[in-house]
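Q: Could you walk me through the empty spaces in this model and the ligand, and say what each label rests on?

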Amino acid sequence: MKTITFKDSQKVAKAVAAEIIKIVNQKPNAVICIAGGDTPLPVMQELIHEADLKKVDFSKAYFVGLDEWVGLGKETKGSCIQTLQDNLYEPLGLREEQIIFFDGKANDLEKELDRINAFIAKKGLDFILLGIGMNGHIGFNEPGVTIDSEAQVVALDEVTTRVMSKYFDEQLPLTEGITLGFKQILAAKNIVLMATGLKKAEIVKQTVKTKPTNQLPATVLKLAEKEADFYLDEAAASLLEEESL
Ligand code: GLP
């Protein structure tokens, strides 16, 4: 996993957006997956800005959701679909058929897994932008997760249930997440893991120095065939040894 450090989160966002734009300009019907959460928000702004300037055209691209809280849909502020919908899909003017996203409220989650798995099996992922949880989770692939799995439903880790209140206006009794699995993530043609801010510095350090293990899911990205890039700002990289910067 190659670490690439930029001065601040804005510069990271510009670099990540440039990667995505390059891919879509080469392949207009590319399949792009962007994580929910706070970290990718500046990347989304950058993509919208560049699309407004006509530097890129997303009208043929597909956008796949990485994960969702089981029980939530777009009417809940802080759900993954609401974050992506309001901050990226709508501003880009995407059509419904361009968006392939887990329905966290589906009665039959198995069917939901099958639907998303079938799409990815057919089209693959050209690019995936991942964030890292405070416990090293990727999507909702929590510590201890099965790593040779396609999309799956995973019980939320204790750290995730503690951290999750930052996304929601009220306390929610959430216990599970639905997420793409590592089998699909590792097969993506381009993988970018992004971390910004001082609070991620410790988990970034652990990820960089730990051999691949399902106990620290972000380390599993080291098994990707096409090397994953770890994009950091100086704050998130602040605990790394000089030589790995
Ligand atoms: C969340 C989401 C992930 C996200 C990660 C980091 O719980 N399940 O998709 O990438 O944790 O979130 P943030 O960027 O808000 O720190």
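A: Happily! On a 1 Å grid over the protein atoms alone, a cavity is a set of points where a 1.4 Å probe fits but cannot get out, while a pocket is an open set with protein on both sides within 12 Å along at least five of seven lines; lining residues have an atom within 4 Å of a point. This is a predicted model, so local features need pLDDT of at least 70 and side-chain atom pairs pLDDT 80 or more, whereas totals for chains, interfaces and linings use all residues. Residues are numbered from 1 along each chain as its sequence is written, and side-chain values use heavy atoms, leaving out hydrogens and water.

Q: What makes a residue part of the lining of the largest cavity, and which lie nearest its centre?
A: An atom close enough to a grid point, by the rule above, is what counts. The lining has 29 residues, and Gly36, Gly37, Gly133, His137 and Tyr167 lie nearest the centre of the largest cavity. Its volume is about 380 Å³, a volume being the space filled by probe spheres set on the points, which are joined across faces, edges and corners.

Q: Which element gives the most to the lining of the largest cavity?
A: That is α5, with three residues. Helices (H or I, at least four residues) and strands (E, at least two) are DSSP runs, numbered from the N terminus.

Q: Where does the ligand sit?
A: In the largest cavity. The test is that more than half of a molecule's atoms lie within 2 Å of the grid points, and the ligand therefore meets it.

Q: Which residues come nearest the ligand?
A: Thr39, Asp67, His137, Tyr167 and Lys200 do, out of the 15 residues around the ligand. To be near, a residue needs a heavy atom within 4 Å.

Q: Why is the approach of Tyr167 to the ligand called a polar contact?
A: A polar contact is a pair of N or O atoms within 3.5 Å; within protein, one must be able to donate a hydrogen and the other to accept it, and residues adjacent in sequence count only if both atoms are side-chain atoms. A polar side-chain atom of Tyr167 lies 2.5 Å from a ligand oxygen, so the pair qualifies. His137 also brings a polar side-chain atom to 2.8 Å from an oxygen of the ligand. For Gly139, a polar backbone atom is 3.4 Å from a ligand nitrogen.

Q: How much of the ligand does the protein bury?
A: The protein buries 96% of the 390 Å² that the ligand exposes taken alone, by the Shrake-Rupley method with a 1.4 Å probe.

Q: What lines the largest pocket?
A: There are 14 lining residues, with Lys74, Ile81, Gln85, Ile99 and Phe101 nearest the centre of the largest pocket. About 390 Å³ of space lies there.
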